[in-house]
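Q: Could you take me slowly through one part of this protein, beginning with its open space and then turning to the ring-bearing side chains? I am new to reading structures, so please link each step to the one before.

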Amino acid sequence: MTLDKRLGQRFLPYGANYLDWSDMTELREVIDQRVLFRYQTEGESMASRLERHVARRLGARHALAVHNGTEALRLALVSTRPRVGDLVFVPAVTFVAVAGAVLASGLIPVLVDADESLSLDPALLPPDARRVVVAHMEGTVGPVPEGVPFVIEDCAQSLGARLPDGRHAGTAGYAGTFSFHHNKVLTSGEGGLVVTGDDEAWARMRGYHDHGSARVPGRYPTWDQDAHFGENFVTSEGVAAIQSQQFRHLDALLAGLERMYAIAVEELPDRPGLEALPRAAGDVKVSLRFRWESRELRDAAVAGLTARGIANWTLGKYFLPEHPVLTGRRSLYADGFPWSLVPDAPLVLSRDGFARTRDLLDRTLCVPLSPELSEPDQILAVKAIRQALDAV
Ligand SMILES: *Cc1c(COP(=O)(O)O)cnc(C)c1O
């Protein structure tokens, strides 16, 4: 395959490069056992092994595997024992799943404008904010607000990132959530995890995710007299096996991204009209981020890269103030629940009606890095990116 082809294929999730029958020992083990339900295995289930491993790797006290990142967010939110209609402050720039999880929990999202790094700006939060979701988008670690009782870090796009103080992203607040969807750092197609350092929060999440049960492995669910209603977010052994396999490659993957990022920092153009945005040491280097002087130049760069078969993306899709679910307060409930619980006032916090953020998004361009390439190929790839940008 030509280098251009491989670069163009970067829309494949990074972890997919490791999906290989010669490397699927965990999955073979699960199939050999013939038990795909985590609470019916003979010994320790693959799901608990995964959770144990993830908790250790991320320095978290507890981890719980679920079907996807959205369920992880739902669990984190509902485990805070909110009142229906309570406000949750969420980033104005993030995937709509965050707002969906808040609404599905009977809570109301309030869009908080971004700082220069496009992360939620904690300076805009009211002093009495109780629930805040921050999202470390595209590997970029954003600020984690202080003094808020329930901060949920959405790390769907930043598995392996570290905060400036060295802690792993996802462990600084009340809970951290992760996704293994196709487009994330590691993948099992779908998959999610929630981590927390709070024993009681973990017990509540574990109960809710299994019909309210405090299940004892190997036995029919044991119903606690003080159980709460729940749903079924219990993961499957097959998925947990693939996630365990994926986790084995996390460090190599992160190192491959770091290596290509270092090459790019040396090689990329310093040309007028274009700023390469530096990334922090703890960020996961999933992409090079560029900011152009104008939207026209940015769009020309998109066209140039795309014509050369080089993958790239922009971040406009994450601009929630223009998302129809939020602008139209849309809901499948006949009475508009949960929007119906709050008056029509715009549920937003911004100094300028999101004008600056809109402008930053319009001028931003991301070019993914390719951890699986050899160093010589990474150098060639960076040169190809440089040529495309020089030609704009
Ligand atoms: C992908 C994503 C989610 C949702 O994860 P799923 O596993 O797809 O449900 C949530 N937040 C962000 C920032 C995401 O990128």
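A: **The largest pocket and the aromatic pairs**

In this predicted model, the largest pocket holds about 690 Å³ of space. Its lining is made up of 33 residues, and those that lie nearest the centre of the pocket are Gln157, His181, Asn183, Lys184 and Tyr318. If you look for the elements that give two or more residues to this lining, you will find α4 (69–78), α5 (97–104) and β6, and of these α4 gives the most, with 3 residues. As for how such a space is found, rolling a probe the size of a water molecule over the atoms shows where empty space is left.

From the pocket we can turn to the aromatic rings, of which a search of the whole structure finds 7 pairs. One of them joins Phe150 and Tyr174 in an edge-to-face arrangement, with 4.9 Å from centre to centre and 85° between the planes. This pair links distant parts of the chain, since Phe150 belongs to strand β5 (residues 150–154) while Tyr174 is in the loop between β5 and β6 (175–179), 24 residues apart. Both Phe150 and Tyr174 are buried.

A second pair to examine is that of Phe319 and Phe354, whose ring centres are 6.2 Å apart and whose planes meet at 85°, so this pair is edge-to-face. It too links distant parts of the chain, with Phe319 in the loop between α9 and α10 (324–327) and Phe354 in the loop between β10 (348–349) and α11, 35 residues apart. Phe319 has a relative accessible area of 6% and is therefore buried, and Phe354 is buried as well, because its relative accessible area is 7%.

Elsewhere, ring pairs join Tyr208, Phe229 and Phe233 into a cluster. A ring can also have a charge as its partner: the charged end of Lys285 sits over the ring of Tyr261, 5.6 Å from the centre of that ring.

Finally, return to helix α11, which covers residues 355–363 and has Thr357, Leu360, Leu361, Asp362 and Arg363 as its buried residues. These buried residues of α11 pack against β9 (287–292), α9 (295–307) and β11 (364–368), and α9 is also one of the elements that bound the loop holding Phe319.

Key
Residues are numbered from 1 along each chain as its sequence is written. This is a predicted model: local features need pLDDT of at least 70, side-chain atom pairs count only at pLDDT 80 or more; totals for chains, interfaces and linings use all residues. Side-chain values use heavy atoms; hydrogens and water are left out. Buried means under 20% relative accessible area, exposed over 50%, partly exposed in between (1.4 Å probe, protein chains only). Helices (H or I, at least four residues) and strands (E, at least two) are DSSP runs, numbered from the N terminus. Contact means heavy atoms within 4.5 Å. Rings of Phe, Tyr and Trp (its six-membered ring) pair if their centres lie within 6.5 Å; planes under 30 degrees apart count as stacked, over 60 as edge-to-face and the rest as tilted. A charge sits over a ring if NZ of Lys or CZ of Arg is within 6 Å of the ring centre and within 35 degrees of the ring normal. On a 1 Å grid over the protein atoms alone, a cavity is a set of points where a 1.4 Å probe fits but cannot get out, and a pocket is an open set with protein on both sides within 12 Å along at least five of seven lines; lining residues have an atom within 4 Å of a point. Grid points are joined across faces, edges and corners, and a volume is the space filled by probe spheres set on the points.
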